[in-house]
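Got the viewer open? Let's take a walk through this model, one selection at a time.

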Amino acid sequence: MATLTDQEFARFQRFIYEAAGITLSDAKKVMVGSRLAMRLQKCQVASYGDYFRLLASGQQPEEVQTAVDLLTTNETYFFREPNHFEFLKNQLPGLVRYAEPVRVWSAAGSTGEEAYSIAMVLEDCLQGRPWEVIASDISSRVLERARRGHYPMERARNVPRAYLQKYCLEGTGTQANTLLIERTLRAKVQFRQVNLNAPLPPLGMFDFVFLRNVLIYFNIETKRQVVRRVLSTLRPGSWLLISHTESLHDVTDAVQQIAPSIFRVRT
Ligand SMILES: C[S@@+](CC[C@H](N)C(=O)[O-])C[C@H]1O[C@@H](n2cnc3c(N)ncnc32)[C@H](O)[C@@H]1O
């Protein structure tokens, strides 16, 4: 079995920094080795150095995407940091006076639990008024799972019971212990591959952006660039939500903090 040398690890650190803006500390060496180990066999290369050269050759872009998928951390769950969903709910009455849809972006939304949690709140609270949720991530693997909207039941722990009944189908037979997001709700969430570390594609303007548990992977300069890009998609007076474990200290002064992890774009 190949061993990941310090020099090879440094190459993968640079690779994921350039591809996704992610800063991997030296403590992540074992993690990188174990996440990429199976690719060596699959690509029939003898060492991590050879695997890196394969990625750098530019001849296998799909393998580059696989490596990015493997080097990102995708942990998420429904209604994570529940006060953000309460906050969203509480702001909606102030927004429905506008004829246009309420628009929310789950940036770095991983396997979709965040986007579907937002969608459940909007569908429940807006009572037939229009809304749109766009969910994006750099990883194509998580986006595939997000589009399916099919999860192990144990992940539904935090979904309010009324939402489980209205918006989720409980699997039976071979699908026992799983839940499927109900088709019409699923169809209203759009999934897109978006790299926050590159110029954004046209996404339109949003009332809320959930940018949670991704800034932690970026250094200060990347954070500034990512937040600047994300802010360009937020309407004046709209809201940016980050995780309670993250901070915008020294990152931007274009927003006003109105609660821990909740920021309002200045009007
Ligand atoms: C820990 S998950 C957070 C998921 C969700 N926002 C939450 O709070 O539960 C972080 C996600 O950020 C994504 N990510 C990392 N770098 C990214 C980048 N440059 N552009 C877009 N997504 C990125 C990863 O693929 C991963 O799915």
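Start by selecting E86. With a relative accessibility of 40%, E86 counts as partly exposed, because that value falls between the 20% and 50% cut-offs. Keep in mind as you go that this is a predicted model.

Now add K89 to the selection. The side chains of E86 and K89 form a salt bridge, with 3.7 Å from N to O. Both residues belong to helix α5, which covers residues 83-95, and they sit 3 residues apart, about one turn of the helix. K89 is partly exposed too, at 29% relative accessibility.

How many salt bridges does the structure hold? There are 11, and two others are on our route.

**Next stop: E114 and R212**

Select E114 and R212 together. Their side chains meet in a salt bridge at 2.8 Å, N to O. E114 is in helix α6 (residues 113-126), while R212 is in the loop between β7 (206-210) and α10 (220-231), so this pair ties together parts that are 98 residues apart in sequence. Are these two buried or exposed? Both E114 and R212 are buried.

**Further along helix α6**

Pick E123 and K188 now. Here the side chains meet in another salt bridge, 3.0 Å from N to O. E123 is in helix α6 and K188 is in the loop between α9 (183-187) and β6 (189-193), so the pair links parts 65 residues apart in sequence. K188 counts as partly exposed, at 36% relative accessibility. E123 is partly exposed as well, with a relative accessible area of 28%.

Before leaving this helix, click on S117, which is also found in α6. S117 has a relative accessible area of 0%, so it is buried. Then draw a distance from S117 to F85: the two are 32 residues apart in sequence, and their C-alpha atoms are 7.9 Å apart in space.

**Now the ligand**

Select the ligand and show what is around it. Which residues are the closest? They are A20, T76, R80, D137 and N213, out of 23 residues that surround the ligand. You will find the ligand sitting in the largest pocket.

Zoom in on three contacts here:

- N195: a polar side-chain atom lies 3.0 Å from a nitrogen atom of the ligand.
- R212, which you met in the salt bridge with E114: a backbone N or O atom lies 2.9 Å from a ligand nitrogen atom.
- N213: a polar side-chain atom lies 2.8 Å from an oxygen atom of the ligand.

How much of the ligand does the protein bury? Taken alone, the ligand exposes 610 Å², and the protein buries 99% of that. Try switching on a surface for the protein and then hiding it again.

**Last stop: S243**

Finish by selecting S243, in the loop between β8 (234-241) and β9 (255-259). S243 has a relative accessible area of 1%, so it counts as buried. To end the tour, add P260: S243 and P260 are 17 residues apart along the chain, with 8.8 Å between their C-alpha atoms.

How values were computed: Residues are numbered from 1 along each chain as its sequence is written. This is a predicted model: local features need pLDDT of at least 70, side-chain atom pairs count only at pLDDT 80 or more; totals for chains, interfaces and linings use all residues. Side-chain values use heavy atoms; hydrogens and water are left out. A salt bridge is a side-chain nitrogen of Lys or Arg within 4 Å of a carboxyl oxygen of Asp or Glu. Helices (H or I, at least four residues) and strands (E, at least two) are DSSP runs, numbered from the N terminus. Buried means under 20% relative accessible area, exposed over 50%, partly exposed in between (1.4 Å probe, protein chains only). A residue is near a molecule or strand if one of its heavy atoms lies within 4 Å of it. A polar contact is a pair of N or O atoms within 3.5 Å; within protein, one must be able to donate a hydrogen and the other to accept it, and residues adjacent in sequence count only if both atoms are side-chain atoms. Accessible areas come from the Shrake-Rupley method with a 1.4 Å probe; for residues, only the protein chains shown count as cover. On a 1 Å grid over the protein atoms alone, a cavity is a set of points where a 1.4 Å probe fits but cannot get out, and a pocket is an open set with protein on both sides within 12 Å along at least five of seven lines; lining residues have an atom within 4 Å of a point. A molecule sits in a cavity or pocket if more than half of its atoms lie within 2 Å of its grid points.
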